[in-house]
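Got your viewer open? Here is a short tour, one selection at a time.

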Amino acid sequence: MLKGIDVSHHQGAIDWTKVKADFALIRAGYGKYAWQEDPYLEANIQGAAARNIPIGVYWYSYADTIAEAKQEAEVCLTVINPYKDKIVLPVFFDQEYEPAILAAGNSIRTECCVAFIKAIEAAGYKAGLYGSQDWLDNKIDDSQIPETATVWVAQYSNKCTYKGRYTIWQYTSSGKVDGIKGRVDLNQADDDLIISTAVGWQKIAGKWYWYEDGKPVTNCWRKVTGESGVPYWYYLGKGGVMQTGWVKINNEVFYLNPSAAYGVPEGACIITDSRGNVVRE
């Protein structure tokens, strides 16, 4: 089970160097105009990316017609385009209790969700739908939501009672997280939230994995070049977990850095010369 957060301008400036989370869902904006971009979008995406926290985004909707939902999708895509390489989790349509949306009726609300989701998927992103348990059960026809969409349900309780399928559960709005002032929404999610989208290094439940084509690499070596531009060898063991410390592999013993020390990243294979100096490729 993954533990994540969702944030917006309501949290103000976040010290992402202190944040610990398996994933982050960041508000991109709201409505149908580009000027409605969340003022903290760039800072939050850059901060989460620097911490290697998998990122998804959400767009708060005011659409009460299908045409407006499509327009919101187009604006959302424009706003998030500069960060498309950093968004590995879905782009969510956030539909809530706005008066015009409530007045639109079940059928229109559902069609707005579907229109937004299809537009996001057509642009090459994974898409999703956010709503409360009551909303998903009673205000839309959730059977019409595409199976490809990730469902994110909000219910502030010790148990989620939503009757349909879902991957993420927002269980409180009163969480406390280092690096964030005041309250923050907390979420838990199935592991496949990340498994189905991940590429490169992913930190899941405190352990590092190397993903290719959405799947963790297991029981083999991988040569990875980091931000320093220096390539290092890493061993991904059972289940894909990056190995550290003294490890015996095929009857040979290797020292895989247990922590970022000696100028070498955590998990990197440390090779020394006859004098004990670290050798880099």
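**Start at the first helix**

Select helix α1 along with β1 (2–7), β2 (23–30), β3 (55–60) and α2 (66–80): these four elements are what the buried residues of α1 pack against. Keep in mind as you go that this is a predicted model.

Now narrow the selection to α1 itself, residues 41–50, and show the side chains of Leu41, Asn44, Ile45, Gly47 and Ala48, which are buried. Turn the view so you look down the axis of α1: the buried residues fall within an arc of 165°, so they line one face of the helix. Just past the end of α1, click on Asn52, where phi is positive, at about 60°.

**On to the cores**

Next, pick Ile5, Trp16, Val19, Ile80 and Val91. In the largest nonpolar core, which has 53 residues, these five touch the most other members. Zoom in on Val91 and leave out residues up to four places away in sequence; what it touches then is Val57, Cys76, Ile80, Phe116, Ile120, Tyr125, Lys126, Ala127 and Gly128. For a second, separate core, select Leu89, Ile168, Ala189 and Val241, which are among its 17 residues.

**Zoom out**

Finally, show the whole chain as a cartoon: there are six helices and 17 strands to find. The C-alpha trace spans about 75 × 35 × 35 Å along its principal axes. Of the 281 residues, 49% count as buried. Switch to a surface and you're looking at about 13,800 Å² of accessible area, 48% of it from carbon and sulfur atoms. Colour by charge to pick out 28 positive and 33 negative side chains; the centres of the two sets lie 6 Å apart.

Notes
Residues are numbered from 1 along each chain as its sequence is written. This is a predicted model: local features need pLDDT of at least 70, side-chain atom pairs count only at pLDDT 80 or more; totals for chains, interfaces and linings use all residues. Side-chain values use heavy atoms; hydrogens and water are left out. Helices (H or I, at least four residues) and strands (E, at least two) are DSSP runs, numbered from the N terminus. Buried means under 20% relative accessible area, exposed over 50%, partly exposed in between (1.4 Å probe, protein chains only). Accessible areas come from the Shrake-Rupley method with a 1.4 Å probe; for residues, only the protein chains shown count as cover. Lys and Arg count as positive and Asp and Glu as negative; His and the chain ends are not counted. The place of a charge is taken as NZ of Lys, CZ of Arg, CG of Asp or CD of Glu. A nonpolar core is a set of buried Ala, Val, Leu, Ile, Met, Phe, Trp, Tyr and Cys residues joined through side-chain atoms within 4.5 Å. Contact means heavy atoms within 4.5 Å. The arc is that of the directions from the helix axis to the C-beta atoms.
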